[in-house]
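Me: Please take a close look at one part of this structure, the place where two domains of one chain meet. I am in my first year, so explain each term as you go.

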Amino acid sequence: MVVDHETPSLENGQTDKEVEENANVLQFMDSMDAYLTLIHSLSSTLRRGWLELASARHSMGASRVNTVLLDHTSHPAATSLLVTQDEGKVDSGKPHFTLCKWASSSNENSLLGEKHSSQDKLHPQLRHRGSTELYEEKTSSENKASREVDDPVQKERSKSLSMFGTLVSPKLRAAQLSFEH
Amino acid sequence: MYGFEAMTFNIHGGYLEAIVRGHRAGLFTAADYNNLCQCETLDDIKMHLSATEYGPYLQNEPSPLHTTTIVEKCTLKLVDEYKHMLCQATEPLSTFLEYITYGHMIDNVVLIVTGTLHERDVQELLEKCHPLGMFDSIATLAVAQNMRELYRLVLVDTPLAPYFSECITSEDLDDMNIEIMRNTLYKAYLEDFYKFCQKLGGATAEIMSDLLAFEADRRAVNITINSIGTELTRDDRRKLYSNFGLLYPYGHEELAVCEDIDQVRGAMEKYPPYQSIFSKLSYGESQMLDKAFYEEEVKRLCLAFEQQFHYGVFFAYMRLREQEIRNLMWISECVAQNQKSRVHDSVVFIF
């Protein structure tokens, strides 16, 4: 019997269609795994944030940290989502998502998104999980961008905390960072 | 004259000292806190508290309970006890008891002004004010546009009026100015309270000097740490420190130029009482600093009860109750958020 190594699907009695379906199922399982991991991470970060907020309230007092002080004036959202179509790519039907927010400087992806949103929107960046193109595009300009966005980012953070006072406990700042993440 | 208080104190203060010592006996012990920490829900906490002096204040609260409800009702008990003592007190004890509440008054003023700046309803703000710091014209604070109006319209007739001399400007009330106003008022209040206690003399002066000096030093450290990375200049920071305390004046000079927590540690470790506090923390960490300060404060407050015939026991009792309420708040939050493993992060045992 001749073994054809170039068509393994035929060797196992599977058609190309079945192989493609199996690949799709595996990709779906991978995505589900990633989703569950992210959900778990989000849940744990939110739990940490709520506890840090309670700790800040314990430290600063209930008169300084309470719902009554929340600002009812309009202000821009801390996070925005940019959805674009990349016309230069072969599979241009896929939308591309970019998160733009004033995040902590330890989150390099968000900084890149911040940098992107302030630059030319005709060159969107692919931000799918596992993509290596994003990391190949990181250059020294990112370091300059990180310093440039740090000051406005800190100012935005301080501004959003100002409803609780200007001299707030580090615990409240930590809670803010947790909710940002 | 110090030493002869035993002969005359009980004439006017004996009954109230006995009352406050009785109240002190009702403070929670470590066993009580351990029981509370075992609770699974806020209703369990309510059930445990129903067997304590807080029972009558919580019994009519419907389920589901909220942590803020528990704190509010427990605070009402403290307020009732305070009002009972105040109405029975004669001078100078009545003035001493009133001094204890001026800190809450300052917090309430800042709460109303800050909330108004952020377009909140005055009625909602009034509901969140501390009951010990209420005064008649507090709602009128919402109409003031700057500090001069704040003083002229409302605060001139309150006990806080003398503390405003350093704050009066025509600058609009924005977040930074409000923060500076808060800390300047509190600084003036602490200094005034300190001078009042010095004038009383005797054991009251000795014990209260220690307690107020600790409070001033703790505020200096908190102002320093909270202002790191903000727009507050070194000069402005220095102006917010009180003009008394163990850190005055050389410690304040060092704290004024600190840029991170390790520099604060370096400045504080030169003072033996605070060296023991900072030795509990690892380098670069400030999360447990509050608990360390609270533990030291509780130790000093409990020592106040070891002497008789002075007013320090009233101040110590009020502060210990407030600490107990803070403990209840933290335990309730940990139970409500299902984070019981963190409950001992901030609970400070009194006994």
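Reply: What follows describes the interface between the two domains of chain B.

This is a predicted model, in which local features need pLDDT of at least 70 and side-chain atom pairs count only at pLDDT 80 or more, while totals for chains, interfaces and linings use all residues. Residues are numbered from 1 along each chain as its sequence is written, chains are lettered from A in the order in which they are written, and side-chain values use heavy atoms, with hydrogens and water left out.

Domain 1 of chain B covers 5-16 + 80-322, and domain 2 covers 17-79 + 323-350; such bounds come from an automatic or database domain assignment. Their C-alpha centres lie 24 Å apart. In contact (heavy atoms within 4.5 Å) are 35 residues of domain 1 and 29 residues of domain 2. The two domains bury about 2900 Å² between them, 57% of it on carbon and sulfur atoms. Buried area is the accessible area (1.4 Å probe) that two parts lose on being put together, summed over both.

Across this interface the rule finds 3 salt bridges, a salt bridge being a side-chain nitrogen of Lys or Arg within 4 Å of a carboxyl oxygen of Asp or Glu. The side chains of Glu324(B) and Arg321(B) meet in a salt bridge at 2.5 Å, N to O.

On the side of domain 1 that touches domain 2, α1 (5-25), α5 (67-88), α15 (289-304) and α16 (312-336) of chain B each supply at least two residues. Helices here are DSSP runs (H or I, at least four residues), numbered from the N terminus. The largest share of that side, 8 residues, comes from α16(B).
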